[in-house]
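Please look through the sequence and the structure shown here, and then follow the explanation below one helix at a time.

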Amino acid sequence: MARTLLLEIGTEEMPARFMLPALEQLKESVDAALTELRLPHGFVRTVGTPRRLAAIVTDVAERQTPFTLEVRGPAKHIAFDAEGKPTKAAEGFAKGQGVAVSDLVVKATDRGEFVFAVKREEGQPALSVLAEALPQVIRKLSFPKTMRWEDSNLRFGRPIRWLVALLGEDVIPFELTGVKSDRITFGRRFTDGLSIGKPIALSSADIYETALQLVGVVVDHERRRELVKAQGQAAARSLGGVAIMPDELLDEVTFLVEEPASLVGNFGEHYLQLPPEILITVMGHHQRYFPVRRDEGRRMGDEIDLMPHFIFVCNGKPQNPDWVRQGNEKVLTARFEDARFYFFEDRKHRLSEFVPKLKDIVFQQGLGTMGDKTERLKQLTKGLATGNGRRETGQPTVADLQLPIALCAAELCKADLATRLVNEFTELQGVVGRIYALLDGEPKEVAEAIEDHYKPLPPDFKLPRNEIGTLLAIADRADTLCACFDRNLVPTGSHDPLGLRRAATTLLMLLRLSPFNFRLSALLDATFQVLTDANMLQNDPQGTKGKLLDFYRERMDALLEGEGIDHDLRRAVLAVGFDDVAATFDRAHALQRLRRERTEWFAVKVTTFTRITNILAQARQKGEDVDGEPQTALFQEDAERALHRAVTQISPAFWERVKKNDFETAFEMLAELAPTINRFFDEVLVMHEDASIRHNRLALLRRVEHCLEALADFRQVQT
């Protein structure tokens, strides 16, 4: 009979950002463990609160599925003599497998008859195998930061205080970090006067969520999130407004409480004189409050008509809501007073007056100041804006009338780092620059570029709003990556204190979608030239460039994997280059679509293509020259003439498709050559004894390979 499995890990309050990744890990780990244990089961679901991570699995079998293993031994004629008696080889094999010689069986295989040891492993009770497996499931969970609080070697996100492990009505017995598994869970903290919460004895795994609900704990985080959202919007509607509830803040608040109870707080209307972005940041980022805007107000990013109210979420309904409300209002008022003071102090100066102060702010140790970086950004922006690093001539550049605006944005983009407001509220960098630039009367394009040069940023990864912001965002990341790699400040393992992986990833996103179509290598060359002119380089730029390109390859591979591109296709596409970032993504997706929609046809064509790449690779290893233009006068067979005609005929249209990034059509055009290619290999001896004929045939194949390389290295594609 199948039963429900429950594993609950009770802890001290876990940081909100740990929870969703940990629950996903727990789900995958429990599912994998049950599969490995040969325990048939139903759906695996994970739920959690700040104090618990739980896995609930339906329909778990009470015993393992029996397992039969056949181990091949020596050939029959070696295991038995002419009279059919077992030899020492058979006896040794049987002993090694733990079976009797009489239990060996003879089976026919594609390589002849062999003896086999057939071993059947009966299924063990689920309770006993789970008792061994569940502690390992818990040990495998990883967190951004861990703690150790007792003598064992276990490190966990927070100290473990209780463990619930039930299979139906039975406890799965094990011990971890001195805590024994049981059927006792706990309610919210400080209920019934108990700091750990009211103990709840679960009669079975099936009543887990219901039992916690009865004491006020909403253990399902998705349901709790909806409650937070619904309560917040209901409270805002009662004020005639709408709560501003970005997903990232909503997720965080969800994992700060076990029983959400939303209340309304108020603040003085005079604070609405401050820019709404500042108020929203103070309320959301610092206090985890939800701001309220009027119904006719607009979304974040535009001018927002805020109301002098906020929504905050308590962990359970407080006995005296007014006291709690007053306490939260006092805290927020103090924060607003700080912001108000710093804002009006800053506004005694224009934004441009903060630029000289950047020389007092270190960019990175050994890499100069933010003032130095600003000067480099101005030079790099100017070079990129006027055409350096383009994919090809004729691609768009920043118009002459826009160039002064671009240089102004580069001059001011880091200036707000020297303001008092950003010094106190660092997450407002860029936002404050945009606000101050607009108040100073700078062009809108400059103001937007100041904020947008930090984009794309999580959680929404929105791109810059205009081409100047895009240009500045590319220049900023290129400068940071080249300067850091020159000083060997390279990420290692999970250690990336400077955030260079994210910088490289977002740079690739920008290059993919930018209107400028920069080639990656040309962008690096332009950046290293600016660093050279500034006397910043300590190492050979070409060597550093090689390391950076390897780093970008890794980031590109990760992005393609995230978009569902198969491993072998990623490898094949990247093997022929990724200098044109947008084209690389298009090539990968085109091949993935063809494989998915026309699987057998795609595999057959790839097999044909690899006949060309393989023979050319072998020829190169032998020192053969495969380059050059094939000479029609040297053709001897109709098959090679046919291949030459076919390649010549499709080449103009093929390269036109490649130029337009229409790689799916380009592949289909090459696929039309497949019968002609196969005929060529069937009728033509490529490695002819005559060197001139041999070279001519290799050159013909090289011409086809050149087309193939516009798509991928098909030797890397599995068929």
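A good place to begin in this predicted model is helix α24, whose buried residues pack against α21 (599-621), α22 (638-659), α23 (663-671) and α25 (691-708). The residues of α24 that are buried, within its span of residues 674-683, are A674, T676, I677, F680 and F681. Seen down the axis of α24, these buried residues fall within an arc of 165°, so they line one face of the helix. On the other side of α24, by contrast, P675 and D682 are exposed. A general rule helps in reading such a pattern: an α-helix has 3.6 residues a turn, so residues three or four places apart point the same way.

A second place to look is the meeting of helix α15, residues 467-486, with helix α17, residues 520-533, where the two axes come within 9 Å and cross at roughly 70°. Because angles from 65 to 115 degrees count as roughly perpendicular, α15 is described as roughly perpendicular to α17. The contact is made on the α15 side by I474, A478, D479, C482 and A483, and on the α17 side by L523, L524, T527, F528 and L531. As for its handedness, the crossing in which α15 passes α17 is right-handed.

It remains to ask how confident the predictor is, and for the protein the mean pLDDT is 92, with 97% of its residues reaching 70 or more. Over residues 297-301, however, pLDDT stays under 50, and the model has nine contacts beyond four places in sequence for them. Over residues 388-396 pLDDT also stays under 50, and there the model has 27 such contacts beyond four places in sequence. Where pLDDT is low, the predicted coordinates should not be read in detail.

Definitions and conventions:
Residues numbered from 1 in each chain as written. Predicted model: local features only at pLDDT ≥ 70, side-chain atom pairs only at ≥ 80, totals over all residues. Heavy atoms only, no water. pLDDT = per-residue confidence, 0-100. Contact = heavy atoms within 4.5 Å. Buried < 20%, exposed > 50% of the residue type's maximum accessible area, 1.4 Å probe, protein only. Helix = DSSP H or I, 4+ residues; strand = E, 2+ residues; numbered from the N terminus. Arc of directions from axis to C-beta. Axes fitted to C-alpha atoms, helices over the stretch in contact; angles between N-to-C directions. Parallel < 35°, antiparallel > 145°, perpendicular 65-115°, else oblique. Left-handed = near helix turned anticlockwise from the far one by under 90°.
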